[in-house]
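Hi,

Here is the structure I promised to pass on to you. Have a look at it first, and then read on for what turned up.

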Amino acid sequence: MTDRRRIALTVNGLQRDGEVEGRLLLADFLRHHLGLTGTHLGCEHGVCGACTVLVDGQATRSCLMLAVQANGRSITTVEGLAPDGEASHPLQAAFHERHGLQCGFCTPGFLMTLVEFLEENPEPDEAAVREALSGNLCRCTGYQGIVDAALQASASLRETSGQ
Amino acid sequence: MKPPPFHYHDPQDLDGALDLLARLENAKVLAGGQSLMPMLNMRFALPDHVIDINAIESLAFVRESGSRLEIGAMTRQHDLERSAPLRRLCPLMVEALGQVGHRATRNRGTLGGSLCHLDPAAELPVVAAALDATIQVKSKQGGRSIAMADFPAFYMTPAIEPEELVTAIEFEPWPAGHGHAFIEFARRHGDFAIVAAAAMLELSPEGTISRASVTLGGVGTAPLRCHGIEEQLLGQHGSAALFREAAEANRGIDAMDDVHASTLYRQHLAAELTGRALATAFERAQERVPA
Ligand code: FES
Ligand code: FES
């Protein structure tokens, strides 16, 4: 059963393509075909949030989407937050400063979830941050550092956008 | 794990999808994928064909038609949360949507997908039952409507034929001024509810309860409408004592028993959450109708 298809999509601003089987997950296309291993797979059934990427700007679990479904779409992965040679994204800097990560396995998913969330809610309170992060699991930090980092990042993002 | 091998189809219009459904054996319809994809990844579902209906734009809409509200099966949960007509006409569904999964799953998940997956603890089937909604299905042979009360056939299985596709749901919104509440208890925000309670109340000009809808989720294989409680409330003046007493009936319901909670615990939640949902719905109805 090998109905393979050609797909063409934009990943972190670059035009990419590939030939994939219908059943290939978007996460595995990113990781194995494109070598973008920043997107992690924890559970592969939509529970942990580690695989979260942006699809046309919307946070999406890449373990619950087929690569063929990304044809023609624009994907942003954690590698797209701060391309090589550029300074860290304010969220990444805040995670670093506030101990928002230990082993780092969950971090890409938290970052991509927060990118979308902070865009829509530039000035969230702690309760809103916690609710926004309810779909992401972290086995190390106890979440407090992550919540602190999100709040710090929202403040610095507001500053840079001149609010 | 990874999905098993299957043939992938992506029809571009409804006729194309119905044609495939009529022709293919052991086919699964892929809507938002927030239920089917986990089932594929865990290999609980082993279809020979997957029919992806995401390209069919005509299935995503929110439409007011006469006194009824019609919602396309492929409307994303995230878009529903933001739909102006839905926010105005059906605050119950909007409140429930906020508890359906997480932002990243609502971005993809659809109304029709949740209804067809029919998880016993899912929020949207409870809302559809509370509203006496009608489910529209189509096949190559034509279309038909199914009352939500008849839609669940058995555990996680809707009463539709293999060649049929759910295309929309419709219902008559309650008049402006009604009160609503959707309350659930879950281990983590956004998880499936252990028990969920939905309540809607309408008050007469005299302030008595003129219409009531009470529905539970998470207790059995299908949403449970509590007609006994609804009847008991009619004509009464709402009060904390009335709601608490009426809700007590739910302590005696048949409730399932699984790793998440025992029957006894579910019965307790059913009574407690029903009482709270009714009290909240009543408060909101009072705020909305000038006394
Ligand atoms: S790997 Fe996708 S949600 Fe866990
Ligand atoms: S930092 Fe280790 S899982 Fe979150």
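A word on terms before the results: a polar contact is a pair of N or O atoms within 3.5 Å, and within protein one of them must be able to donate a hydrogen and the other to accept it. Please also keep in mind that this is a predicted model.

With that in hand, let me begin inside chain B. The domain assignment splits chain B into domain 1 (7–52), domain 2 (57–171) and domain 3 (179–288). Between domain 1 of chain B and domain 2 of chain B there is 1 residue pair in polar contact, with both residues at pLDDT 80 or more. On the domain 1 side of that interface, helix 1 (residues 14–23) of chain B provides the largest share, 6 residues. By class, the residues on this side of domain 1 of chain B are 8 nonpolar, 3 polar and 1 charged. The rule also finds 1 salt bridge across the interface of these two domains. As for salt bridges in chain B, the side chains of Asp19(B) and Lys140(B) form one, at 2.8 Å from N to O.

How much area do domain 1 of chain B and domain 2 of chain B bury between them? The value is about 1200 Å², with 72% of it on carbon and sulfur atoms. Leu14(B), Leu18(B) and Gln34(B) account for 40% of what domain 1 of chain B buries against domain 2 of chain B, more than any other three residues. In terms of contacts, 12 residues of domain 1 of chain B touch 18 residues of domain 2 of chain B, and the centres of the two domains, taken over C-alpha atoms, are 18 Å apart.

Now to the two chains. Chain B brings 32 residues to the contact and chain A brings 29. Together they bury about 2700 Å², and carbon and sulfur atoms give 49% of that. There are 6 salt bridges between chain B and chain A. Glu44(A) and Lys2(B) also meet through their side chains in a salt bridge, at 2.3 Å from N to O. The side of chain B that touches chain A draws at least two residues from each of strand 1 (7–9), helix 2 (36–41) and helix 6 (103–106) of chain B. This side of chain B has 11 nonpolar, 12 polar and 9 charged residues.

Finally, chain A. Helix 1 (residues 26–33) of chain A has Leu26(A), Ala27(A), Asp28(A), Phe29(A) and Leu30(A) as its buried residues. Their cover includes strands 1, 2, 3 and 5 of chain A.

Best wishes

How values were computed
Residues numbered from 1 in each chain as written. Chains lettered and ligands numbered in written order. Predicted model: local features only at pLDDT ≥ 70, side-chain atom pairs only at ≥ 80, totals over all residues. Heavy atoms only, no water. Contact = heavy atoms within 4.5 Å. Buried area = accessible area lost by both parts, 1.4 Å probe. Salt bridge = Lys/Arg side-chain N within 4 Å of Asp/Glu carboxyl O. Helix = DSSP H or I, 4+ residues; strand = E, 2+ residues; numbered from the N terminus. Nonpolar A, V, L, I, M, F, W, Y, C, P; charged D, E, K, R; others polar. Buried < 20%, exposed > 50% of the residue type's maximum accessible area, 1.4 Å probe, protein only. Domains from an automatic or database assignment. Polar contact = N/O pair within 3.5 Å; in protein donor to acceptor, adjacent residues only side chain to side chain.
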